Amino acid sequence: MNMREKERTVLQRYTITELDNGHLYIHLNGRIDIESASNILNTLETKILSTSPKIVTINLDNVSYFDEYGALVLSELRKIVADQKGTLNISDKKNRSKIKASVANFDTPEKTTGIRKSPVNFFVRVGDASLSRMDNMKYFTSFLGSVILSFIDVLKHPKSIRLNDTITCMEKTGVNAIPIVALISFLLGLVMAFMSSLQLKQFGANIYVASLVSIAMVSELGPIMTAIVVAGRSGSAFAAEIGTMKISEEVDALFIMGFNPTTFLAVPRIIASMIVVPILTLFSDLFAIAGGLVIGILTLDLTFNSYIAQTLKTLSLFEVMWGLSKSVVFALIIAWIGCLRGFQTRGGADAVGNSATSAVVTSIFLIILFDSFFAVARSYLW
Amino acid sequence: MPNDAIIQINNLSAKYSDDVILDNITFDVYQNEIFVVLGGSGCGKSTLLRHTIGLEVPFAGNVTIDGADLINCSETEFKNTLKKIGVLFQGSALFGSMTVSENVALPIQEYSNLKNDLIDKIVNLKLGLVGLEGYGNHLPSEISGGMKKRAGLARALALNPKILFLDEPSAGLDPITSKEIDELILDINKNLGTTIVIVTHELESIFTVAQRVIMLDKTKKGIIAEGKPADLKKYSTNQTVKDFFNRKSNKK
Ligand SMILES: Nc1ncnc2c1ncn2[C@@H]1O[C@H](COP(=O)(O)OP(=O)(O)O)[C@@H](O)[C@H]1O
Ligand SMILES: [Mg+2]
């Protein structure tokens, strides 16, 4: 049956006869079920509201099927008619008792509890939100504490570290991210070199493109870009993995077996991230410089040797180490927040999704925040 | 029956945020017995179990397992108590990233220094016990719900715990598997002297395995009956209890 046919059969479920002195006579026929209910109710409601009849009689003689959707319609109609100061009668030749009973079910004043949670007022919501923020802060610190304790524990008993998990995690977080990090950085180097060359060309300062790309990448953009990619790829994965384990009681099972869930789940991820993110950052630096090099050779008439020489002249060991130490801190943030959001997960599948999202958002925010701290600290170091 | 209590629950009250789930519950579980917690769904059976094994901190009251007060004891004592218990969770709670064998092996690796091939032997033995030989290399996502339950049981049994907690071990299983699990429970209890606490609402298994039961009720938020299942069925005067054992709905 296509849509149009369906509509037509639904429309044919009633005939309305208007008698004089405000009497409305309605014949229902066929199946009164979930498909026809809303249509019947809407049309009849409009009709009743426009004519305001004193008496409405609904005839059910030809109704072949009638369920609680039908009962709901009749009960609603009765209310509407009553609002118009009229009365509604139901006539049924077969006098089916079931129909009467099920209409009566809806007629009795509501003793049902609401299906949806009732909305609470503004102040309650603000209060709740503040409380949950505070809880969140408490959890932030207590989780950090538990991570630190776990690390102390791991240092004391190096055997308790989950080596295999750490290696798997290094592979997932590091090795598998190389292509995307390399590609993004290469393009970033390319773009940076190209855009800066447009300006620097005017002064004949082509060679400084190499300096610009390398210094910007190594001290700022490399660590940041890598951290953002890792936060999106792995921070969310940490949150989702641990969150799923949390809601399926696997974390409880670990606890009962005598494992410390933080040591078991968070420590491998944190260690793995802190090892691979700096390496990824190095890759990112290299590929960005390669991107700049391509532009330098193709559009700025620089030679391979002069570009590399200028890059090396610009970069100091301090610069490289600075970038790498930042990336270690970013790695810590990503893994810490990812695991934290995972452990905070409560509820069902949607909660896991929320944790993953919030892991990415929170860690990117903290990455940028800490990057500014680094910038401030550096300006005081000189 | 040796009448020394191995688990003592005193005046336990449990809340989730503001909802009181259990109100002032007191009971003992004795050494070597099979003890069943029963009641309709949503009445707080799992909640009671989670409080008993120390996963949740009670709002009020005490839980003592084998002499250790779970709420006030030291960390070491708590750890030692955990070693004595095995738990089968309602949803099995197998680790999704590990095979069935690795799941069972995990607690053994943690608590013993046995070589891996020896651990494998024990794991195979345990899997055989629950009828899962040959499925060791499957991931939890590759086996059926009933098999997951049995794998979870094998994992709970891995350390031959002194007390075994089973949350609905046979819910959703076919009658034959369910009967096999009942027999397994009886075997474990007889051969190893394990105290077993089972949460269930399967009448059949209650009559097969339970030596003593308590029945929880959602409206009373507490225990409405305690005793041998056969006695409760015959002599209980409480309507809910009678209906439960006679499989009646509480509508007329
Ligand atoms: N984590 C939780 N947070 C809030 N309420 C919960 C939670 N777990 C269970 N409940 C509530 O506690 C009651 C008892 O649940 P549960 O112990 O799982 O019942 P049972 O195992 O007897 O079926 C239910 O009403 C349920 O809604
Ligand atoms: Mg339950």
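Two residues are said to be in contact when heavy atoms of theirs lie within 4.5 Å of each other. Keep that in mind as we walk through this model, which is predicted.

Let's start with Ile85(B). Setting aside residues within four places of it in sequence, Ile85(B) is in contact with Ile53(B), Ile65(B), Pro161(B), Ile163(B) and Phe165(B), and also with Ile256(A) from the other chain. Ile85(B) belongs to the largest nonpolar core, a set of 76 residues. Which members touch the most others in this core? They are Ile7(B), Phe27(B), Ile85(B), Phe165(B) and Leu216(B). Chain A takes part as well: its helix H12, residues 317-344, supplies the largest share of this core, 10 residues. Apart from this core lies another one, of 43 residues, including Leu127(B), Ala156(B), Leu166(B) and Met215(B).

Now look at a place where chain A meets chain B through a side chain. Asp252(A) sits in helix H9 of chain A, which spans residues 250-256. Is Asp252(A) buried or exposed? Its relative accessible area is 12%, and buried means under 20%, so Asp252(A) counts as buried. Beyond residues up to four places away in sequence, Asp252(A) touches Arg50(B), Leu55(B) and Phe89(B). With Arg50(B) there is a polar contact between the two side chains, at 2.9 Å.

Next, find the magnesium ion, ligand 2. Which protein atoms are its donors? They are OG of Ser46(B) and OE1 of Gln90(B), lying 2.0 to 2.3 Å from the ion. This pair links distant parts of the chain, as the two residues are 44 residues apart. Ser46(B) is in helix H1 of chain B (residues 45-52), while Gln90(B) is in the loop between strand E6 (85-88) and helix H3 (100-111). Ser46(B) is partly exposed, with a relative accessible area of 22%, and Gln90(B) is also partly exposed, at 35%.

Ser46(B) leads us on to ligand 1, since it is one of the residues around that ligand. Others in this shell include Tyr16(B), Ile21(B), Lys45(B), Thr47(B) and Lys218(B). Helix H1 of chain B gives the largest share of the shell, three residues. Some of the distances to oxygen atoms of ligand 1 are worth tracing. A backbone N or O atom of Gly42(B) lies 2.7 Å from one, and a polar backbone atom of Gly44(B) is 3.1 Å from one. For Lys218(B), a polar side-chain atom lies 3.5 Å from an oxygen atom of the ligand. On its own, ligand 1 has 560 Å² of accessible area, and the protein covers 58% of it.

Note on methods. Residues numbered from 1 in each chain as written. Chains lettered and ligands numbered in written order. Predicted model: local features only at pLDDT ≥ 70, side-chain atom pairs only at ≥ 80, totals over all residues. Heavy atoms only, no water. Core = buried A, V, L, I, M, F, W, Y, C linked by side-chain atoms within 4.5 Å. Buried < 20%, exposed > 50% of the residue type's maximum accessible area, 1.4 Å probe, protein only. Helix = DSSP H or I, 4+ residues; strand = E, 2+ residues; numbered from the N terminus. Donors = N, O, S within 2.8 Å, 3.2 Å for Na, K, Ca; no water. Near = heavy atom within 4 Å. Polar contact = N/O pair within 3.5 Å; in protein donor to acceptor, adjacent residues only side chain to side chain. Areas by Shrake-Rupley, 256 points an atom, 1.4 Å probe, with all protein chains shown as cover.
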